[in-house]
Amino acid sequence: MKFNNIKAIIFDLDGVITNTSEYHYRAWKKLADEIGISFNRDINEKLRGIPRKESLEIILGDLIIDEKEKERLMEIKNNYYIEYLKNMGPDNILPGSLEIIKEAREAGIKTGIGSSSKNAKTIINNLRLGKYIDAISDGYSVSNPKPAPDLFLDCAAKLGVAPSEAIVVEDAESGVEAAINGGFRVIGIGPAERVGKAHIVLQSFEGVNLKDFINPGSGL
Ligand code: G6P
Ligand code: MG
């Protein structure tokens, strides 16, 4: 299928534009080892699109700790994560993503980022992507996390488009649900078990052009 009348594309960041999942894994793993709780890559997979605090709570499982201690642990993890982000540059943009962003802008389609991450702006700067992006909604923009549609609605409002005129690109199940809940057209990146609820499922943007998912003459 292809979409009609598209005025904007809102991209999730982690897992769509770049792959930070490995850095999140290493940072959470270091923290988990230090506090003596188990953490592995399977649990890490469940954290795609999940904000920092909810991620910590998933990792802690049945362990009950107070808010102040949660804040302390999140700060330790984030400091480890920020260290990994320092190694990141334009080479870390996933294949095909920048090409799709450039193609959209040339076609007069606006581009936005809708990411749960509070580090989104740092990552966009490290990837040197800022000049290609019209609006950013990040972990500071709204209080209801995905699967609530709030983050994408916030980005669509900044871009001045209706949800029905915008495509959301997501790699997380919670993100696909958020976009569908908001009335967006949705492209899922990754396996169907994870993003199968999206209108279109792609393995990646490698070798993909806008005309593969937007009808010519209706936004192009
Ligand atoms: C993205 C990632 C999640 C991460 C969340 C918060 O959605 O997919 O794995 O937990 O951002 O990231 P932050 O950089 O704010 O800790
Ligand atoms: Mg993601």
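So, helices and strands: the chain has nine helices and six strands. Keep in mind that what we're looking at is a predicted model.

How does the overall fold look? For 220 residues, a compact globule would have a radius of gyration near 17 Å, and the chain has 17 Å, so the two agree. If you put a box around the C-alpha atoms along the principal axes, you get roughly 55 × 35 × 30 Å. Half and half is an easy one to remember here: 50% of the 220 residues count as buried. Then look at contacts with a separation of 6 or more: 65% of them are between residues 24 or more positions apart.

On the outside, the chain exposes about 10,300 Å², with carbon and sulfur atoms supplying 48% of that. As for charges, there are 28 positive and 32 negative ones, and their mean positions sit 4 Å apart.

Okay, on to the metal. Which residues hold the magnesium ion, ligand 2? Asp12 and Asp171 each coordinate through OD, while Asp14 uses O, at 2.0 to 2.1 Å. Now find those donors in the sequence: the spacing reads D-x1-D-x156-D. Are aspartates 12 and 14 buried or exposed? Buried means under 20% relative accessible area. Aspartate 12 has 4%, so it is buried, and aspartate 14 has 16%, so it counts as buried too.

Next, have a look at glycine 114, in strand 2, which covers residues 110-114. Its relative accessibility is 0%, so this glycine counts as buried. What does glycine 114 touch, leaving aside neighbours within four places in sequence? Its contacts include Ile10, Phe11, Asp12 and Leu13, and also Ser137, Lys146, Leu151 and Phe152. Notice Asp12 in there, one of the magnesium donors. Glycine 114 and isoleucine 10 are 104 residues apart along the chain, yet their C-alpha atoms are separated by 6.2 Å.

Now helix 8, residues 173-181. Its buried residues are Ser174, Gly175, Val176, Ala178 and Ala179. And what do they pack against? Helix 7 (150-159), strand 4 (166-170), strand 5 (185-189) and helix 9 (192-195). After helix 8 comes glycine 183, with a positive phi near 85 degrees.

Let's zoom in on serine 174, which has its place in helix 8. With 11% relative accessibility, serine 174 counts as buried. Not counting residues up to four places away in sequence, serine 174 touches Arg48, Gly49, Ile50, Lys146 and Pro147. Those last two names are worth a stop: lysine 146 and proline 147 are joined by a cis peptide bond, with omega about 15 degrees. You'll find proline 147 in the loop between strand 3 (135-137) and helix 7. And Lys146 has come up before, as a contact of glycine 114.

Last stop, two backbone oddities. Asparagine 5 isn't a glycine, but its phi is positive, near 55 degrees. Asparagine 5 is in the segment before strand 1 (8-11). Arginine 128 isn't a glycine either, and has a positive phi of about 60 degrees. That arginine lies in the loop between helix 6 (120-126) and strand 3. Are these two buried or exposed? Exposed means over 50%. Asparagine 5 has a relative accessible area of 53%, so it is exposed, and arginine 128, at 57%, counts as exposed as well.

Definitions and conventions
Residues are numbered from 1 along each chain as its sequence is written. Chains are lettered from A and ligands numbered from 1 in the order in which they are written. This is a predicted model: local features need pLDDT of at least 70, side-chain atom pairs count only at pLDDT 80 or more; totals for chains, interfaces and linings use all residues. Side-chain values use heavy atoms; hydrogens and water are left out. Helices (H or I, at least four residues) and strands (E, at least two) are DSSP runs, numbered from the N terminus. The radius of gyration is taken over C-alpha atoms; the globule rule is 2.2 Å times the number of residues to the power 0.38. Buried means under 20% relative accessible area, exposed over 50%, partly exposed in between (1.4 Å probe, protein chains only). Contact means heavy atoms within 4.5 Å. Accessible areas come from the Shrake-Rupley method with a 1.4 Å probe; for residues, only the protein chains shown count as cover. Lys and Arg count as positive and Asp and Glu as negative; His and the chain ends are not counted. The place of a charge is taken as NZ of Lys, CZ of Arg, CG of Asp or CD of Glu. Donors are N, O and S atoms within 2.8 Å of the metal (3.2 Å for Na, K and Ca); water is not among the atoms, so sites may look incomplete.
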